[in-house]
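Student: Please take a close look at the part of this model where the ligands sit. Describe the surroundings of each one, and then go on to the backbone and ring details elsewhere in the chain that deserve a check.

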Amino acid sequence: MSTNTHPTPQGTSEPGVPRAAGAPEEGPDPEVRPPRQWAAGVPGILHALDPSLHGMGVARSAKLLLRMNHQHGFDCMSCAWPDPDRRKAAEFCENGAKAVNWEATPLTIHPAFWRDNPVSSLRGRTEHWLGQQGRLVDPVYKAPGSDLYTPVTWEQAFSIVADHLTALDTPDQAVFYTSGRASNEAAFAYQLFVRAFGTNNLPDCSNMCHESTGAAMGDTIGVGKSTVLYDDFEQADLIVIMGQNPGTNHPRMLTALEDAKGKGAQIVAVNPLPEAGLLRYKNPQRPRGILGRGTQLADQFLQVRLGGDMALLQAVSKRVLDAEDAAPGTVLDHAFLAEHTTGLDALRAHLAALDEDEVLRATGLRTEEIDELADRYLAADRVIITWAMGLTQHKKAVPTIKEVINLLLLRGNIGKPGAGASPIRGHSNVQGDRTMGIWEQMPASFLDALDAEFGITVPRHHGLDAVDSIRALADGRAKVLFALGGNLVGAISDTTAAEAAVSRAALTVQVSTKLNRSHAVTGDAALILPCLGRTEIDRQGSGEQFVSVEDSVCAVHASRGAVEPVGPNLLSEVAIVSRLAREVLGRRPQGDGPVDWAAFERDYDTIRDHIAAVVPGCEDYNAKIRRESGFVLPHGPRDSRTFPTSDGKAHLTVNALEAIDLPAGRLLLQTVRAHDQFNTTVYAPNDRYRGIKHGRAVVFVNPDDLADLGLADGDRVDLHGEHTDGVDRVLPGLRVVAYPSARGCAATYFPEANVLVPLDAVAETSNTPVSKAVVVRLERAPEPAVVPAPA
Ligand SMILES: Nc1nc2c(c(=O)[nH]1)N[C@H]1C(S)=C(S)[C@@H](COP(=O)(O)OP(=O)(O)OC[C@H]3O[C@@H](n4cnc5c(=O)[nH]c(N)nc54)[C@H](O)[C@@H]3O)O[C@H]1N2
Ligand SMILES: Nc1nc2c(c(=O)[nH]1)N[C@H]1C(S)=C(S)[C@@H](COP(=O)(O)OP(=O)(O)OC[C@H]3O[C@@H](n4cnc5c(=O)[nH]c(N)nc54)[C@H](O)[C@@H]3O)O[C@H]1N2
Ligand code: SF4
Ligand SMILES: [Mo]
């Protein structure tokens with residue numbers, strides 16, 4: 001057995017480390033208080049403006065926040081929650097404000113920093129510390145064998161990348177990662193460059209995020225995107241929120257839920273944790289939100305066990321079918337089922353044999369709770385089910401989401417107002433990036449359209465996704481890792497294995513705004529290419545540019561930067577991609593080809609004209625994107641109950657239940673986001689709603705589980721992951737927090753916990769890391785060494 005005790009410092013105080021002004025201390029002993037019962041309210045907004053979170057000039061901050069999510073401003077770069085049509089004066093939330101402050105800080109990394117901070121020393125830093133060092137403003141290069149980044153010119157940087165890419169045996173030896181902040185224009189240009197170069201190796205953050213959603217919805221209804229529009233929330237009778245923590249991760253969704261409630265909707269939350277935002281909401285933009293107790297949101301809270309949703313959904317569907325049997329012709333939407341679906345008889349037969357004891361074991365719920373949810377579902381004419389990572393990051397994620405679709409289809413809850421399936425996406429433009437072709441498996445129709453538009457021939461064989469890219473780097477099949485944003489090594493599972501894999505690369509390149517782990521764990525040679533953020537004015541040859549993005553409900557709109565770039569040497573992502581394409585493709589015998597890359601950079605309208613010709617639903621893109629509220633992409637199931645599947649029907653599916661095997665004395669661990677983080681970016685080491693301050697090294701455990709394990713709140717433990725490969729994966733030194741989580745289900749923070757998630761633990765079909773169900777053993781950590789008292 002080998003042991004991976006990950007060296008990444010987490011929760012350690014770092015003596016002698018300079019901190020940004022006012023940055024809160026991260027210590028080994030976090031302050032722990034009871035969790036909050038409610039979310040947001042004025043403290044939320046005030047908290048976001050707390051200078052200790054960012055150290056940003058107040059004027060710059062205020063100017064930006066007023067422009068955020070407005071028609072002539074910029075789109076919040078944090079999450080993908082949509083904007084209502086009727087925008088309020090302050091159309092942002094606490095976490096959107098934090099994201100803006102983090103990006104727009106006037107603090108920049110001085111050239112001397114690179115001399116004083118060798119790459120090996122950066123590896124000893126936390127994500128929090130790295131992000132606090134300020135904006136990246138100069139391209140820097142780490143030569144093979146060197147431990148230092150040194151500033152280089154942009155020309156030198158592009159030339160280094162081109163040297164490596166042209167030296168490969170085949171273009172498939174390079175992988176091109178994308179994170180979901182890239183604009184539609186940058187993403188379209190990037191995937192075109194990568195495919196013109198000759199590979200479909202376009203892994204993205206979505207592979208670790210909503211890939212399971214895309215797979216499940218693609219198979220069943222033919223489109224992997226939400227079937228609802230923003231206004232549908234107000235028209236729903238019932239909204240079921242599964243595996244999602246909107247109070248932290250999609251805060252303005254709480255406003256939509258509050259409005260829906262005002263119009264009579266019921267809300268049900270399904271979650272192992274009693275998340276603050278799901279229970280009660282104090283709206284900071286309404287008087288009673290400031291003064292009163294706020295709105296109680298959830299009418300029912302089902303505290304499901306991790307991975308128990310598939311059993312729950314099957315049990316509810318079974319009750320729907322039983323109700324139909326008891327009163328034939330009155331419960332199911334027979335007209336809809338007959339005209340638009342296949343598979344009802346098989347589903348009926350399968351659910352008839354559902355083992356209710358198995359359901360109770362898997363869900364940890366009582367029969368009455370499941371009956372109550374079924375009654376609510378049956379009483380509602382219009383039902384929306386939303387979900388996020390609590391459903392997508394499980395081994396059985398794809399069949400679980402197929403069960404969401406089953407339940408909705410039974411009563412025609414897809415393709416009518418106030419009803420639908422609504423995956424809530426993560427990064428602000430992760431959905432748009434997919435629409436623009438960032439996917440290792442884009443369909444042939446898209447690739448054909450690229451060929452036709454540009455007179456080129458792009459490869460047809462599928463490329464590598466995120467997990468497979470790490471495997472390819474590990475075994476030497478891939479030699480160059482290029483990343484348009486993100487922090488792949490910090491975000492992917494199995495940190496120790498992933499870091500070893502990436503370290504084998506000949507070259508790693510990061511296009512980034514701020515430092516993170518992926519700049520510290522590099523290939524033999526490494527480049528950091530600093531880019532403009534979404535808040536900044538983007539000036540090119542033809543004048544000021546804007547970009548476009550797509551939110552979680554398929555609404556596309558423009559985004560314009562509002563403040564001066566933080567440094568003179570920054571390039572936009574579009575400029576970086578265009579210049580790189582000219583340099584790399586220009587070295588081929590046939591030259592850089594028919595694409596006018598210089599025109600792409602000079603005027604983003606040029607890119608949008610090509611998007612209009614290639615991407616379905618984007619016809620007339622330049623005109624539509626200039627409309628006041630942008631436009632909504634077409635969606636067959638949502639708009640006309642047209643299902644673009646193989647047979648034109650929506651598919652009810654049969655999915656076999658499989659219990660998660662949890663040996664005695666073990667817990668199932670999920671990895672979640674704290675309130676003061678955005679993925680691998682840690683704004684501050686706090687998690688206000690869960691009662692945690694000044695630290696992240698905590699594990700939340702149900703008090704009864706603690707008693708069974710002979711542990712108590714405040715104990716210090718090491719978490720050992722238990723996986724079939726026998727590797728002892730360890731996350732050491734966590735403070736135990738007694739917490740009202742579902743029985744048998746613990747939680748700790750990502751990205752630190754990625755050391756515990758095996759690379760091979762992936763969801764069926766989607767290959768998404770199983771970040772929400774790691775079997776762990778808690779072992780008492782050795783007591784800290786006692787310093788002998790002086791004699
Ligand atoms: N402030 C902030 N906003 C963000 C992000 C961020 O890091 N910070 N990240 C963005 C991104 S990329 C994404 S993908 C989204 C993520 O948004 P979420 O999916 O809300 O994020 P997580 O923190 O992973 O929370 C997962 C939730 O699902 C629950 N859960 C876990 N397992 C199960 C299960 O088996 N069943 C059920 N029913 N529930 C379960 C957890 O208790 C938790 O409430 O947020 C986006 N927005
Ligand atoms: N254990 C565990 N692992 C997970 C998850 C989990 O729940 N549990 N969640 C998964 C999910 S849902 C996701 S989406 C992934 C996230 O994976 P990624 O998207 O790769 O990670 P982020 O932390 O969002 O990336 C942050 C970095 O992006 C860069 N950046 C920020 N803004 C910009 C910009 O405008 N342009 C450019 N070029 N760069 C920018 C900054 O350098 C910043 O450090 O992590 C996944 N990993
Ligand atoms: S809900 Fe999401 S997109 Fe909207 S302001 Fe908040 S963080 Fe930004
Ligand atoms: Mo995500």
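Tutor: The shell around ligand 3 is made up of six nonpolar residues, three polar ones and one charged one. The model is a predicted one, and what follows should be read as a description of that prediction. The shell of ligand 3 can be listed in full: Asn 69, Cys 76, Ser 78, Cys 79, Trp 81, Phe 92, Cys 93, Gly 96, Pro 251 and Arg 252.

Ligand 1 has a shell of 31 residues, with Asn 271, Glu 275, Asp 309, Gln 677 and Asn 679 as the closest. Sorted by class, 16 of the shell residues are polar, 11 are nonpolar and four are charged. Some contacts of ligand 1 go to the backbone. One of its nitrogen atoms is 2.8 Å from a polar backbone atom of Asn 249, and an oxygen atom of ligand 1 is 2.8 Å from a polar backbone atom of Met 389. Asn 679 contributes a backbone N or O atom at 2.6 Å from an oxygen atom of ligand 1. On its own, ligand 1 would expose 910 Å², of which the protein buries 99%. Two or more shell residues come from each of helices α11 (246-249) and α20 (389-392) and strands β24 (667-672) and β25 (677-678). At the level of domains, domain 2 (213-423) and domain 3 (667-780) each supply at least three residues to the shell around ligand 1.

Ligand 2 is surrounded by 32 residues, and the closest of these are Tyr 177, Ser 179, Ala 491, Glu 573 and Thr 680. The shell of ligand 2 divides into 15 polar, 12 nonpolar and five charged residues. Here there are contacts to side chains. An N or O atom in the side chain of His 427 is 2.9 Å from an oxygen atom of ligand 2, while the side chain of Thr 513 places an N or O atom 3.3 Å from a nitrogen atom of ligand 2. Asn 679 appears again: a polar atom of its side chain is 3.1 Å from an oxygen atom of ligand 2, whereas its backbone N or O atom lies 2.6 Å from an oxygen atom of ligand 1. Taken alone, ligand 2 exposes 930 Å², and the protein buries 97% of this area. Helix α25 (488-491) and strand β16 (507-512) give at least two shell residues each. Ligand 2 lies between domain 1 (38-104 + 135-208 + 431-632) and domain 3 (667-780), because both domains give residues to its shell.

Away from the ligands, start with Ser 559, which belongs to strand β21. Ser 559 counts as buried because its relative accessibility is 2%. A polar atom of the Ser 559 side chain is 2.9 Å from the backbone nitrogen of Asp 75.

Next, the backbone angles. Most residues other than glycine have a negative phi, and most peptide bonds are trans. Cys 554 has a positive phi, near 70°, and is not a glycine. Cys 554 sits in the loop between β20 (547-550) and β21 (555-559), and with 0% relative accessibility it is classed as buried. His 694 also has a positive phi, of about 60°. The place of His 694 is the loop between β27 (692-693) and β28 (698-701); its relative accessible area is 29%, so His 694 is partly exposed. A cis peptide bond, with omega about 5°, joins Phe 750 to Pro 751. Pro 751 is in the loop between β31 (745-749) and β32 (774-780).

Last, the aromatic rings. With ring centres required to lie within 6.5 Å, the count is 18 aromatic pairs. One of them is formed by Phe 188 and Phe 454, with centres 6.3 Å apart; their planes are at 40°, so this pair is tilted. Phe 188 belongs to helix α8 (residues 184-197) and Phe 454 to helix α23 (residues 444-454), so the pair links parts of the chain that are distant, 266 residues apart. Both Phe 188 and Phe 454 are buried. A separate entry is the aromatic cluster formed by Phe 176, Tyr 190, Phe 193, Phe 197 and Phe 482.

Terms used: Residues numbered from 1 in each chain as written. Chains lettered and ligands numbered in written order. Predicted model: local features only at pLDDT ≥ 70, side-chain atom pairs only at ≥ 80, totals over all residues. Heavy atoms only, no water. Near = heavy atom within 4 Å. Polar contact = N/O pair within 3.5 Å; in protein donor to acceptor, adjacent residues only side chain to side chain. Areas by Shrake-Rupley, 256 points an atom, 1.4 Å probe, with all protein chains shown as cover. Helix = DSSP H or I, 4+ residues; strand = E, 2+ residues; numbered from the N terminus. Nonpolar A, V, L, I, M, F, W, Y, C, P; charged D, E, K, R; others polar. Domains from an automatic or database assignment. Phe/Tyr/Trp six-rings, centres within 6.5 Å; stacked < 30°, edge-to-face > 60°. Buried < 20%, exposed > 50% of the residue type's maximum accessible area, 1.4 Å probe, protein only.
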